[in-house]
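Reader: I've got the sequence and the fold open side by side. Could you walk me through the side chains with a few quick questions?

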Amino acid sequence: MERVVLIIGASSGIGLSCAQRFVNAGDKVVNMSRRDCPIPEVRNIRLDVTDENSVIDAWNYFTAEFSHLDIFIYSAGFSMASPVEYAQEQDYRYLFEVNFFGYLNFLKKSIPYLKESGGTACVVGSTGGVAPIPYDCFYSASKAALNMLTAALWHELKPLGITAICVMPGGTKTHFTFKRKEYKPEDVGEYGVALTKAAQALAEIEQNGMEAESVAKTIYRKCTRRPCAPVYASGIANKLSAFLIRLIPQRLVYLIVKKQFDLDRE
């Protein structure tokens with residue numbers, strides 16, 4: 001029986017690269033997102049992960065057509081550049097709905113199917129979950145939450161034959177950079193200059209970063225083999241960074257992040 005792979009967010013970026021890799025492997029790939037995946041072999045189901053009715057409808061469509069699920073990948077994401085003091089509640093709640101609760105909702109629906117197949121649940125995290133991103137702290141917080149959720153799930157689900165993993169890319173060259181919601185400097189008082197610097201630095205890190213296909217390669221490898229840990233960084237540089245962050249003093253992490261995001265210059 002061919003594997004059925006469900007990807008939330010395969011219309012672009014890392015999710016799209018994942019879809020292509022699984023299609024090339026001969027798997028049946030289903031995408032759920034607001035826009036269709038452009039790969040002809042992929043079955044598309046429209047979904048807004050923040051809309052309860054859309055979630056119910058999309059899942060009903062999926063289960064009506066497919067009787068089993070082997071691999072579930074969550075690649076939807078949202079990012080916002082804003083100081084906490086000026087961040088609007090509707091924005092940071094939306095961010096957590098997309099980045100964290102969207103995954104949790106579909107994970108809960110997927111677990112009964114993954115029990116039967118001995119399958120894998122994978123969420124796309126970020127090294128921002130282990131290293132803080134100034135002025136994008138809600139994104140960092142949501143990714144840190146995914147890391148801890150996955151680490152705990154590993155113990156819950158492994159006895160049931162399910163593998164839970166989180167793959168953390170670092171800066172990745174996709175259109176995600178240009179979809180980030182950025183608050184205007186004139187609307188955030190004394191934070192304006194620092195916000196602009198940090199947002200520009202983050203955009204440069206991403207656009208000079210790894211290719212989406214490299215992340216998809218890691219995800220494919222971890223989803224089709226039995227990994228020995230729940231959380232992985234994608235790419236040698238990111239693996240090294242994630243390792244060092246656990247070892248070096250937090251004061252040094254603070255200084256490195258401050259320099260990386262151009263917060264030293266006035």
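Reader: Let's start with tryptophan 59 and phenylalanine 62: are both buried or exposed?
Author: Keep in mind that this is a predicted model. The two residues sit in helix 2 (residues 52–65), 3 residues apart, or about one turn of the helix. As for accessibility, both tryptophan 59 and phenylalanine 62 are buried.

Reader: And how is that aromatic pair arranged, tryptophan 59 with phenylalanine 62?
Author: The structure holds 13 aromatic pairs. In this one, the centres of tryptophan 59 and phenylalanine 62 are 5.3 Å apart, with 35° between the planes. Stacked needs under 30 degrees and edge-to-face over 60, so the pair counts as tilted.

Reader: What about phenylalanine 72 and tyrosine 103, what kind of aromatic pair do they form?
Author: This pair links distant parts of the chain, with phenylalanine 72 in strand 4 (residues 71–74) and tyrosine 103 in helix 3 (residues 89–117), 31 residues apart. Phenylalanine 72 is buried at a relative accessible area of 0%, and tyrosine 103 is buried at 0% too. Their rings are 5.9 Å apart centre to centre with 10° between the planes, which makes the pair stacked.

Reader: Which residues form one aromatic cluster?
Author: Start from the tilted pair of tryptophan 59 and phenylalanine 62. Both of those belong to the cluster, whose full list reads Trp59, Phe62, Phe66, Phe106 and Tyr113.

Reader: Over to charges: which residues are linked with Arg180 in a network of salt bridges?
Author: Aspartate 136 meets arginine 180 at 3.5 Å, N to O, and those two are 44 residues apart, aspartate 136 being in the loop between strand 6 and helix 4. Glutamate 206, from helix 6 (residues 192–207), meets arginine 180 at 2.5 Å. Aspartate 136 and arginine 180 are both buried, and glutamate 206 is buried as well. The partners of Arg180 in the network are therefore Asp136 and Glu206.

Reader: Arginine 46 and aspartate 36 also meet in a salt bridge, so how many residues apart in sequence are the parts that the pair ties together?
Author: The side chains meet at 3.0 Å, N to O. Arginine 46 counts as exposed at 54% relative accessibility, while aspartate 36 counts as partly exposed at 40%. Arginine 46 lies in strand 3 (residues 43–46) and aspartate 36 in the loop between strand 2 (28–33) and strand 3, so the parts tied together are 10 residues apart.

Reader: How many disulfides does a search of the whole structure find?
Author: The sulfur of cysteine 37 is 11 Å from the closest cysteine sulfur, in cysteine 18, which is too far for a bond. Cysteine 166 is in no disulfide either, with the sulfur of cysteine 122 the nearest at 7.3 Å. A disulfide needs sulfurs within 2.5 Å, and the search of the whole structure finds 0.

Reader: Last one, out on the surface: which residues make the nonpolar patch of about 380 Å²?
Author: Take phenylalanine 243, which lies in helix 8 (residues 236–247). To join a patch, a residue needs over 30% relative accessible area, and phenylalanine 243 is partly exposed at 40%. The patch is made by Leu240, Phe243, Leu244 and Leu247.

Note on methods: Residues numbered from 1 in each chain as written. Predicted model: local features only at pLDDT ≥ 70, side-chain atom pairs only at ≥ 80, totals over all residues. Heavy atoms only, no water. Phe/Tyr/Trp six-rings, centres within 6.5 Å; stacked < 30°, edge-to-face > 60°. Helix = DSSP H or I, 4+ residues; strand = E, 2+ residues; numbered from the N terminus. Buried < 20%, exposed > 50% of the residue type's maximum accessible area, 1.4 Å probe, protein only. Patch = residues over 30% accessible without salt bridge, like charges linked within 9 Å, V, L, I, M, F, W, Y side chains within 5 Å. Areas by Shrake-Rupley, 256 points an atom, 1.4 Å probe, with all protein chains shown as cover. Salt bridge = Lys/Arg side-chain N within 4 Å of Asp/Glu carboxyl O.
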